[in-house]
Amino acid sequence: MFLNSSRSRSEQSLARWATSQLHDIDALDKMVDASLKGHYPPKSVSRFADVVSLRVQSEPESRPPMSEVVHALVRLVQRANMSKRNIGEDRRSEDPDVKDDMY
């Protein structure tokens, strides 16, 4: 478990700190890596958080295997990428000035 002793006691455990914010959309927006902002809509970020919350449960026997978590995250990324492609296709079909090579 990652601990940061320079933080207040309630913020020292990264998992404990993050777990308390995984279902708060505003907090999630602040936790997302800056390089990913804009790549995933808030609903997708919330779904990622739902999967993460399964893995940080306090009782180890309640946690799914990491392989299941990775599989779920991969599916979410694929779904998000598919949605982005569909949005791009919709834009091209609606706007004849949008060039195909832009997407």
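1. Leu-76 and its partners. In this predicted model, Leu-76 is in contact with Arg-47, Phe-48 and Val-51, once its neighbours within four places in sequence are left aside. Two of these partners, Phe-48 and Val-51, belong together with Leu-76 to the largest nonpolar core.

2. The largest nonpolar core. This core has five residues in all: Phe-48, Val-51, Val-69, Ala-72 and Leu-76. At least two of them come from helix H3 (42–55), and at least two from helix H4 (66–94). The greatest contribution is that of H4, which gives three residues. As background, nonpolar side chains in soluble globular proteins tend to be buried together.

3. Overall architecture. The secondary structure of the protein consists of four helices and zero strands, and the order along the sequence is α-α-α-α. The protein has 103 residues, of which 18% are buried. When contacts between residues at least 6 apart in sequence are considered, 29% of them join residues at least 24 apart.

4. The largest pocket. The space in the largest pocket amounts to about 350 Å³. Helices H1, H2 and H3 are the elements that give two or more residues to its lining. In total, 16 residues line the pocket, and those nearest its centre are Leu-22, Leu-28, Met-31, Val-32 and Val-52. By class, the lining comprises 15 nonpolar residues, no polar residues and one charged residue. In general terms, empty space left between atoms is revealed by rolling over them a probe the size of a water molecule.

5. Gln-21. This residue is placed in the loop between helix H1 (14–19) and helix H2 (25–31). Gln-21 counts as buried because its relative accessibility is 18%, which is under the 20% cut-off. Apart from neighbours within four places in sequence, its contacts are Ala-27, Leu-28 and Met-31. For the pair Gln-21 and Met-31, which are 10 residues apart along the chain, the C-alpha atoms are separated by 9.0 Å. Leu-28 and Met-31 are also among the residues that lie nearest the centre of the largest pocket.

6. Ser-46. Helix H3 holds Ser-46. With a relative accessibility of 25%, Ser-46 counts as partly exposed, because this value falls between the limits of 20% and 50%. Its contacts, leaving aside neighbours within four places in sequence, are Ile-25 and Leu-28. Ser-46 and Leu-28 are 18 residues apart in sequence, while their C-alpha atoms are 7.5 Å apart in space. Leu-28 is likewise in contact with Gln-21, so that residue appears in the contact lists of both Gln-21 and Ser-46, under the 4.5 Å limit between heavy atoms.

7. Ser-53. A further serine, Ser-53, is found in helix H3. Is Ser-53 buried or exposed? At 18% relative accessibility, Ser-53 is classed as buried, since buried means under 20%. The side chain of Ser-53 reaches the backbone oxygen of Asp-50 at a distance of 2.7 Å. When residues up to four places away in sequence are not counted, Ser-53 touches Leu-22 and His-23. Leu-22 is one of the residues nearest the centre of the largest pocket.

Notes
Residues are numbered from 1 along each chain as its sequence is written. This is a predicted model: local features need pLDDT of at least 70, side-chain atom pairs count only at pLDDT 80 or more; totals for chains, interfaces and linings use all residues. Side-chain values use heavy atoms; hydrogens and water are left out. Buried means under 20% relative accessible area, exposed over 50%, partly exposed in between (1.4 Å probe, protein chains only). On a 1 Å grid over the protein atoms alone, a cavity is a set of points where a 1.4 Å probe fits but cannot get out, and a pocket is an open set with protein on both sides within 12 Å along at least five of seven lines; lining residues have an atom within 4 Å of a point. Grid points are joined across faces, edges and corners, and a volume is the space filled by probe spheres set on the points. Ala, Val, Leu, Ile, Met, Phe, Trp, Tyr, Cys and Pro count as nonpolar, Asp, Glu, Lys and Arg as charged, and the others, Gly among them, as polar. A nonpolar core is a set of buried Ala, Val, Leu, Ile, Met, Phe, Trp, Tyr and Cys residues joined through side-chain atoms within 4.5 Å. A polar contact is a pair of N or O atoms within 3.5 Å; within protein, one must be able to donate a hydrogen and the other to accept it, and residues adjacent in sequence count only if both atoms are side-chain atoms.
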